Amino acid sequence: MASAEADALVISSDPLHPANLIPELCRSFYQLGWVTGTGGGICIRTGDKVYIAPSGVQKERIEPTHIFVLPYPQPPPSPHTDRVFLRRPTSNLKESACTPLFWNSFDLRNAGSCIHTHSQHAVMATLLWTGPVFTISHQVRGTRLLVMSTSAVLRFPSQMIKGVRIAGTGTALSYLDTLEIPIIENTPNEEDLKDSMAEAMVKYPNAAAVLVRRHGVYVWGNDWEKAKTQTECLDYLFEIGVKMKLAGLLTVLNE
């Protein structure tokens, strides 16, 4: 593809274009502490094109022209070696090391977006849940205010767990459901997590994410909005789960 034609894939005045969204989202994730130190990543798939952030860069400083564009699907053996690109930045950048793991979300869940964070809440959850899965139930999503009098306000919870979808792309979980997120062991190189992540996704077909011990989490959704929402909800659940665990409270009722 000619250079001008390739660059047209990432140049748009539309704020919802993936090449504009990815830098915006990375800046937001940086403020949350999810992608500091050049870590973390995000991809957005629209039809037969995948837009991916670069690897090893300051995520809060990414520009649209830094975005890689790959075709989907990729001919074998891509996207793991010899990847095919529709567009590569002219600067000396490398596509996200998460690329093979992002492909798991496309191939196994038909996801439209996948987010990888190094959230401390996710990391702590993998340390306190020493087995192969993080579990939690009966958790809230936001609060509703109920005014009882001019001097008293009660906070009535609505369901946080309902912000997470079955398999990440299906129907929403209910307040009574138990959320299960598999935990896989970390590896020295990000790409080497591909197979164990895929195995966990197959073993736990209802999981909306995969935790990586002492590392972070991968979360996917039908599109970038649902992936972002689920990442936020899961981060809340990891945080509250860790606090409950440290306080000696059960994270799953009726066990």
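User: Leaving aside its neighbours within four places in sequence, which residues is His 116 in contact with?

Analyst: Keep in mind that this is a predicted model. His 116 sits in strand β6, residues 113-117. Setting aside anything within four places in sequence, its contacts are Val 35, Gly 40, Gly 41, Cys 98, Phe 102, Glu 190, His 215, Val 217 and Tyr 218.

User: Is His 116 buried or exposed?

Analyst: The cut-off for buried is under 20% relative accessible area. His 116 comes in at 0%, so call it buried.

User: Which residues does UniProt list for "binding site", and why can they be said to gather at one spot?

Analyst: The unreviewed UniProt entry gives His 116, His 118 and His 215 under that label. They span 100 residues in sequence, yet no two of their C-alpha atoms are more than 10.1 Å apart, so they do gather at one spot. On top of that, the side chains of His 116 and His 215 share a polar contact, at 3.1 Å.

User: And where does His 118 lie?

Analyst: With a relative accessible area of 29%, His 118 is partly exposed. Beyond four places in sequence, it touches Gly 33, Trp 34, Gly 39, Gly 40, His 215 and Gly 216. Its place in the chain is the loop between β6 and α4 (120-128).

User: Which residue's backbone oxygen lies 3.1 Å from a polar atom of the Thr 251 side chain?

Analyst: Thr 251 is in the segment after α6 (224-246), and at 8% relative accessibility it counts as buried. Its contacts further than four places away in sequence include Trp 129, Ile 136 and Met 244. The backbone oxygen in question belongs to Thr 135.

Key
Residues numbered from 1 in each chain as written. Predicted model: local features only at pLDDT ≥ 70, side-chain atom pairs only at ≥ 80, totals over all residues. Heavy atoms only, no water. Helix = DSSP H or I, 4+ residues; strand = E, 2+ residues; numbered from the N terminus. Buried < 20%, exposed > 50% of the residue type's maximum accessible area, 1.4 Å probe, protein only. Polar contact = N/O pair within 3.5 Å; in protein donor to acceptor, adjacent residues only side chain to side chain. Contact = heavy atoms within 4.5 Å. UniProt positions renumbered as here; feature names shortened; annotations may be inferred.
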